[in-house]
Every structure is written in C-alpha cells, then in structure tokens.
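Trainee: Could you take me through this one? I'd like to know what stands behind the terms people use for it.

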Amino acid sequence: MSDEVKDWKEEGGKLPGGMKGCRKEGGVLLDQIERLLPKEIERRSFEMIEEELLQRGICIPEREKAITKRVIHATADFEYGYTLVYSKGAVGILEELVRNGADIVTDTNMALAGINKKVLARFGGEAHCFMADEDVAAEAGRRGMTRAAVSMERAAKIEKPVIFAVGNAPTALVRLYELAGKRGWRPAFVIGVPVGFVNVEAAKKLILSTDIPCIVNRGRKGGSSVAAAVCNGVLYGLADREGKRG
C-alpha cells in the first residue's frame with residue numbers, strides 16, 4: 001500500500017476539504033455547464049469544431065470538410081485536419097458509390113457497430129465484418145495469415161461494389177493492395193485509417209501509391225471510430241441532401 005493511500009485511509013477516507021468544500025466547488029463548475037437539449041449537443045459540437053478550425057488556421061475544401069469534422073468530432077483531435085488525405089474526387093466517388101447501393105466492409109466489429117446501417121440501407125447498401133466468422137479464423141490459422149487479411153479476401157468475393165473501411169489492421173490494407181495487383185480486381189474505395197505501430201504507416205503509403213480512390217490518414221493515428229466516422233460523414237451528408245436521413 002502506498003503512503004498516500006495509507007494516509008487517506010487513516011484520515012477516514014475523506015476527500016480533501018470535506019464534502020462541504022467539494023459541493024461549493026461543484027456548484028461553481030455546474031455554472032459552466034451548457035444546458036442543451038439532446039438534439040442540440042451535436043449541433044453545438046460542430047459549431048465549436050468550426051470555430052476552432054478557423055482559430056487554428058486549418059483550411060479544408062468544402063467537399064471534404066464535413067467528413068474531417070466528423071472525424072474530429074469522434075476523436076477531439078484537430079491533427080486530422082492536417083493528416084487526412086483525400087484522393088482526387090474522393091468524396092464525389094464515395095457518394096456515388098453509396099447512392100448506387102455499394103456495401104461497406106470493415107475490419108472490426110467495433111467499426112461495423114459505429115456505422116449508421118439504417119441510413120446505408122436506405123440507399124440499398126449493407127455493412128459487413130467477417131472478422132469473427134469461424135471459417136475465417138480457421139483459414140487464417142491454417143495459412144499463417146491474419147484474420148483481417150483473410151476477411152478482405154472474403155469481402156473481395158462480394159458481387160457488387162464494396163467500400164473497405166479499415167480502422168485497425170494494416171494487414172488488411174496490405175492484402176487489398178496485393179489482391180488489386182494480382183487479380184485484376186480492385187476495391188471500389190478504401191478508407192485506410194488503421195491505428196498502431198507495426199506496418200501502419202507503410203500500409204497506408206501502399207494504398208496512397210495506387211490509383212484506388214481513397215481516404216487515408218497519414219501517420220500512426222486512426223482507429224475503428226475514425227473509420228466509422230468517415231463512413232457516417234458521407235452517409236449523413238448525402239442523406240441530408242436527398243431527404244433520406246430520417
């Protein structure tokens with residue numbers, strides 16, 4: 001037991017200053033809380049993001065701003081204003097894919113859970129993740145590959161355009177790159193935002209070296225929440241304009 005914990009226990013486990021002082025300080029802090037209705041919280045968050053982008057001098061093209069802002073909203077990290085890379089015409093291509101019923105495949109069930117599947121379904125698309133499939137795990141073990149790589153192979157067999165949203169596994173991006181080079185097949189779109197250290201930056205550079213339409217975050221940052229935020233940024237923007245948000 002540390003000396004700090006021992007002293008705290010000897011004093012009866014009371015917080016410094018006693019509850020009276022805590023309540024007084026809490027009352028002051030409560031005065032700083034914005035009282036907003038649930039539907040107003042997101043609107044206010046995006047207003048704050050827009051204000052801070054201006055303060056930081058971060059200029060993002062209008063077609064891309066809605067997506068980048070949603071990523072910042074999901075992460076509270078304004079560095080994405082500098083590091084998110086959009087291939088030429090990326091947003092328009094992504095919107096057209098969604099409008100025409102493309103499916104989305106993720107490399108984690110967390111990203112899958114974060115995507116608004118109801119909005120996607122209104123355009124005729126479905127979202128999938130094959131990572132937890134028993135046969136994918138078995139095949140990955142037999143071939144000495146990651147489940148993410150095998151799940152990309154599984155997704156490549158879907159007989160319609162597929163948007164790949166990769167937020168965790170760089171091996172998924174590497175396998176997509178390999179499949180595109182060997183099979184005369186390529187993904188309709190890649191959202192390449194895996195987070196981590198081993199091969200993360202190199203895998204992102206592989207995708208950026210191709211002519212595959214993509215949105216990629218340079219560097220180590222990313223994650224399932226970022227992959228889902230990119231998808232939702234496109235879905236919500238398109239649905240709002242076409243009256244399919246609900």
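Here is a chat about the sheet, the burial and the pocket.

Mentor: Keep in mind that this is a predicted model. The chain has 13 helices and six strands, and buried residues make up 43% of its 246 residues.

Trainee: What makes the sheet open, and what is the order of its strands?

Mentor: The six strands run in the order β1-β6-β5-β4-β2-β3, with mixed pairing. The edge strands are β1 and β3, and each of them pairs on one side only. That fits an open sheet.

Trainee: Which strands pair in the antiparallel sense, and how do you know that they count as a pair?

Mentor: Strand β1 (residues 84–86) and β6 do, over three bridges. Two strands pair if there are at least two bridges between them, so three bridges are enough for β1 and β6. Within that pairing, Y86 stands opposite I215 in β6.

Trainee: And which strands run parallel to their partners, as β5 does with β6?

Mentor: Three bridges join β5 (residues 189–192) to β6 in parallel, with G192 partnered by V216. Four bridges join β4 to β5, also parallel, and there I163 has F189 as its bridge partner. β2 and β4 are parallel over four bridges, with T106 matched to A165 in β4. Lastly, β2 (residues 103–106) and β3 are parallel over two bridges, where I104 stands opposite A127. Two bridges are just what the cut-off of at least two asks for, so β2 and β3 count as a pair.

Trainee: Why is strand β4 called largely enclosed?

Mentor: Buried means under 20% relative accessible area. Five of the five residues of β4 (residues 162–166) are buried, so the rest of the structure largely encloses the strand. V162, F164 and V166 point one way while I163 and A165 point the other way, and all are buried.

Trainee: Which way do the residues of β6 point, and are they buried or exposed?

Mentor: C214 and V216 point one way from β6 (residues 214–217), I215 and N217 the other way, and all are buried.

Trainee: Which elements make the right-handed β-α-β units?

Mentor: One is β4, helix α11 (residues 170–182) and β5. Another is β5, helix α12 (residues 200–208) and β6.

Trainee: Why is A76 called exposed?

Mentor: The relative accessible area of A76 is 67%, and exposed means over 50%, so A76 counts as exposed. A76 is in the loop between α4 and α5. Its phi is near 55°, a positive value in a residue other than glycine. N199, in the loop between β5 and α12, has a positive phi too, near 65°.

Trainee: Which residues line the largest pocket, and what is its volume?

Mentor: The volume is about 180 Å³. The lining consists of F46, A66, K69, R70, N232, G233, Y236, G237, D240 and R245. Helices α4 (62–75) and α13 (224–242) are the elements that give two or more residues, and α13 gives the most, with five.

Trainee: How many of the lining residues are nonpolar, polar or charged?

Mentor: Three are nonpolar, three polar and four charged. Gly counts as polar in this scheme, so G233 and G237 belong with the polar residues of the lining.

How values were computed: Residues are numbered from 1 along each chain as its sequence is written. This is a predicted model: local features need pLDDT of at least 70, side-chain atom pairs count only at pLDDT 80 or more; totals for chains, interfaces and linings use all residues. Side-chain values use heavy atoms; hydrogens and water are left out. On a 1 Å grid over the protein atoms alone, a cavity is a set of points where a 1.4 Å probe fits but cannot get out, and a pocket is an open set with protein on both sides within 12 Å along at least five of seven lines; lining residues have an atom within 4 Å of a point. Grid points are joined across faces, edges and corners, and a volume is the space filled by probe spheres set on the points. Buried means under 20% relative accessible area, exposed over 50%, partly exposed in between (1.4 Å probe, protein chains only). A crossover is right-handed if, with the strands pointing away from the viewer, the path from the first strand over the helix to the second runs clockwise.
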